[in-house]
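Me: I have a structure open and would like to go through it with you. May I start with a single residue and work outwards?

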Amino acid sequence: MGKDKIDIFAILKSGLNTKVYEKLLKQYHLHGLHQQLVSLLKDTREVPEIGMNAHQCSKLKREFTAALSIPLSPPISRLS
């Protein structure tokens, strides 16, 4: 696993403030980066480099996504 991915999970594990995260996403129009984070979360099962097994990783992902008030994926536009 790459160092950037390990660092991201270490930040999430340490308790990322989701309100500040969402504010920064909106303020700097970084919704594309949010989608990359969502993909990273979906694709990662464990992070042994920081002592995170599959169960702990799954729990962290659930807690992080539950704390967000923004959707995990962009809304689907409907054709009229």
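Me: Which residues does Thr44 touch, leaving out those up to four places away in sequence?
Reply: Thr44 touches Met1, Phe9, Cys57 and Lys61. Please note that this is a predicted model.

Me: Where does Thr44 lie?
Reply: Thr44 lies in the loop between H3 and H4.

Me: Is Thr44 buried or exposed?
Reply: Thr44 has a relative accessible area of 5%, so it counts as buried, the cut-off being under 20%.

Me: And what does the side chain of Thr44 reach?
Reply: The backbone oxygen of Leu40, at 2.7 Å from the side chain of Thr44.

Me: Now the overall fold. How many helices and strands are there in the chain?
Reply: The chain has four helices and zero strands. Read from the N terminus, the order of elements is α-α-α-α.

Me: What share of the chain is buried?
Reply: Of the 80 residues in the chain, 26% are buried.

Me: What about contacts between distant parts of the sequence?
Reply: Among contacts in the chain with a separation of 6 or more, 72% join residues 24 or more positions apart.

Me: How many residues are in the largest nonpolar core?
Reply: That core has 15 residues. Those with the most contacts inside it are Phe9, Leu12, Tyr21, Leu37, Leu41, Met52 and Phe64.

Me: Which helices supply this core with at least two residues each?
Reply: Helix H1 (3-14), helix H2 (18-27), helix H3 (31-43) and helix H4 (54-67) each do so. In general, nonpolar side chains of soluble globular proteins tend to be buried together.

Me: Take Leu37, then. What does it touch, again without residues up to four places away?
Reply: Leu37 touches Ile8, Leu12, Tyr21 and Phe64.

Me: Changing topic: how much space lies in the largest pocket?
Reply: About 300 Å³. The pocket is lined by 13 residues, and the closest to its centre are Ile8, Tyr21, Leu33, His34 and Leu37.

Me: So Leu37 turns up again. Which element gives the largest share of the lining?
Reply: H3 does, with five residues. H1, H2 and H3 each supply at least two residues of the lining.

Me: How do the lining residues divide into nonpolar, polar and charged?
Reply: The lining of the largest pocket has 11 nonpolar residues, two polar ones and no charged ones.

Notes:
Residues numbered from 1 in each chain as written. Predicted model: local features only at pLDDT ≥ 70, side-chain atom pairs only at ≥ 80, totals over all residues. Heavy atoms only, no water. Core = buried A, V, L, I, M, F, W, Y, C linked by side-chain atoms within 4.5 Å. Buried < 20%, exposed > 50% of the residue type's maximum accessible area, 1.4 Å probe, protein only. Contact = heavy atoms within 4.5 Å. Polar contact = N/O pair within 3.5 Å; in protein donor to acceptor, adjacent residues only side chain to side chain. 1 Å grid on protein atoms, 1.4 Å probe; cavity = no way out; pocket = protein on both sides within 12 Å on 5 of 7 lines; lining within 4 Å. Points joined across faces, edges and corners; volume = space filled by probe spheres on them. Nonpolar A, V, L, I, M, F, W, Y, C, P; charged D, E, K, R; others polar.
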